[in-house]
Amino acid sequence: MQVFTLYPKLISKVKVDNHDQLKKILVPSLTEQYEKNPDQKLSWARWADTWSAFAHIPADIGFNKYIDAWLKYFKYPTVKYEINAWVNVHKWYQFQEVHTHMCDRALLSGIYYIQLSEKDNPAQFVRDSDYPMIYTNDLLGDVPNHPHFTRYSSDAGLIIEEGDLVLFTPDCRHFVPQAKEKHDGLRMTLSFNAHKI
């Protein structure tokens with residue numbers, strides 16, 4: 001029997017070269033901003049329990065090389081783009097609802113994990129619809145015991161750690177659950193969309 005996993009979601013992961021240096025710069029600055037106004041959030045985050053703010057990405061962070069490598073790998077044509085970025089800061093109990101990054105001329109999205117403890121959860125990517133699972137479960141009374149059917153999110157296979165940059169197409173649905181357990185640290189990420197110009 002041949003199995004075809006049609007229409008894959010294109011998600012990649014890379015370690016950011018200068019993460020240790022970036023963390024030393026970004027964590028104190030974000031912590032200070034967060035503590036000054038802990039209830040701040042961007043307009044699109046009204047259903048999420050998160051702190052968020054627009055961000056400027058300095059050229060020395062070097063995200064362009066990762067974006068360019070992604071475009072080249074998937075054989076996209078050479079394209080000019082600009083990066084629009086924002087940061088999210090979470091305490092252990094905070095979360096983000098299921099969402100996409102679909103917006104004006106976005107061609108690629110990314111999440112850079114500035115600070116992520118082993119107790120935190122990274123973003124989880126999910127299927128567009130769980131209808132096939134509901135239908136199969138109704139017919140058979142159970143879900144088939146196979147990875148193509150039993151994985152409700154990317155948590156089963158996509159291991160994300162601090163210092164990782166995850167790149168994905170803007171249509172990929174994802175969410176951020178609460179931490180696995182209570183802790184005193186802050187989960188910090190820098191997210192962005194690359195917009196065609």
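Here is a walk through the fold, from the whole chain down to one strand, one small sheet, one pocket and one loop residue.

Keep in mind as you look around that this is a predicted model. Start with the chain as a whole. The protein chain has four helices and nine strands, and reading along the sequence gives you the pattern β-α-β-α-β-β-β-β-α-α-β-β-β. Of its 197 residues, 40% count as buried. The protein chain exposes about 12,100 Å², with carbon and sulfur atoms supplying 55% of that area. Now look at who touches whom: among contacts between residues at least 6 apart in sequence, 85% join residues at least 24 apart.

Next, find strand β7, residues 164-168. How many of its residues are buried? Five of the five, so to speak the full count, since buried here means under 20% relative accessible area. If you look along β7, Asp-164, Val-166 and Phe-168 point one way, while Leu-165 and Leu-167 point the other way, and all are buried. That puts a charged residue, Asp-164, among the buried ones of this strand.

What does β7 pair with? One partner is β1 (residues 11-15), which is joined to β7 by five bridges and runs antiparallel to it. You can pick out one position in that pairing: Lys-13 has Val-166 as its bridge partner in β7. Another partner is β5, joined to β7 by four bridges, and this pair also runs antiparallel. Here Tyr-112 stands opposite Leu-165 of β7. As a reminder, strands of a sheet pair through backbone hydrogen bonds, either parallel or antiparallel.

Now move to a separate piece of strand architecture. Three strands form an open sheet in the order β4-β8-β6, with antiparallel pairing. β4 and β6 (124-125) stand at the edges with a single partner strand each, so one side of each has no neighbour in the sheet. Between β4 and β8 there are two bridges, and in this pairing His-99 stands opposite His-174 of β8.

His-99 also takes us to the second largest pocket, which has a volume of about 400 Å³. There are 26 residues lining this pocket, and the closest to its centre are Trp-44, Trp-86, His-99, Thr-100 and His-101. Several strands help to build the wall: β2 (51-55), β3 (81-90), β4 (96-99), β5 (106-115), β8 (174-176) and β9 (187-196) each supply at least two lining residues. Which element gives the most to the lining? That is β9, with five residues. As for the chemistry of the lining, count 12 nonpolar, 12 polar and two charged residues.

Finally, step out to the loop between β8 and β9, where you will find Lys-180. Is Lys-180 buried or exposed? With a relative accessible area of 53%, Lys-180 is exposed, because the cut-off for that label is over 50%. Even so, Lys-180 has contacts with residues from elsewhere in the sequence: leaving aside its neighbours within four places, it touches Glu-118, Lys-119, Asp-120 and Asn-121. Take Asn-121 as an example. Lys-180 and Asn-121 are 59 residues apart in sequence, yet their C-alpha atoms are 6.5 Å apart in space.

Technical notes:
Residues numbered from 1 in each chain as written. Predicted model: local features only at pLDDT ≥ 70, side-chain atom pairs only at ≥ 80, totals over all residues. Heavy atoms only, no water. 1 Å grid on protein atoms, 1.4 Å probe; cavity = no way out; pocket = protein on both sides within 12 Å on 5 of 7 lines; lining within 4 Å. Points joined across faces, edges and corners; volume = space filled by probe spheres on them. Buried < 20%, exposed > 50% of the residue type's maximum accessible area, 1.4 Å probe, protein only. Pairing = 2+ DSSP bridges. Contact = heavy atoms within 4.5 Å. Areas by Shrake-Rupley, 256 points an atom, 1.4 Å probe, with all protein chains shown as cover.
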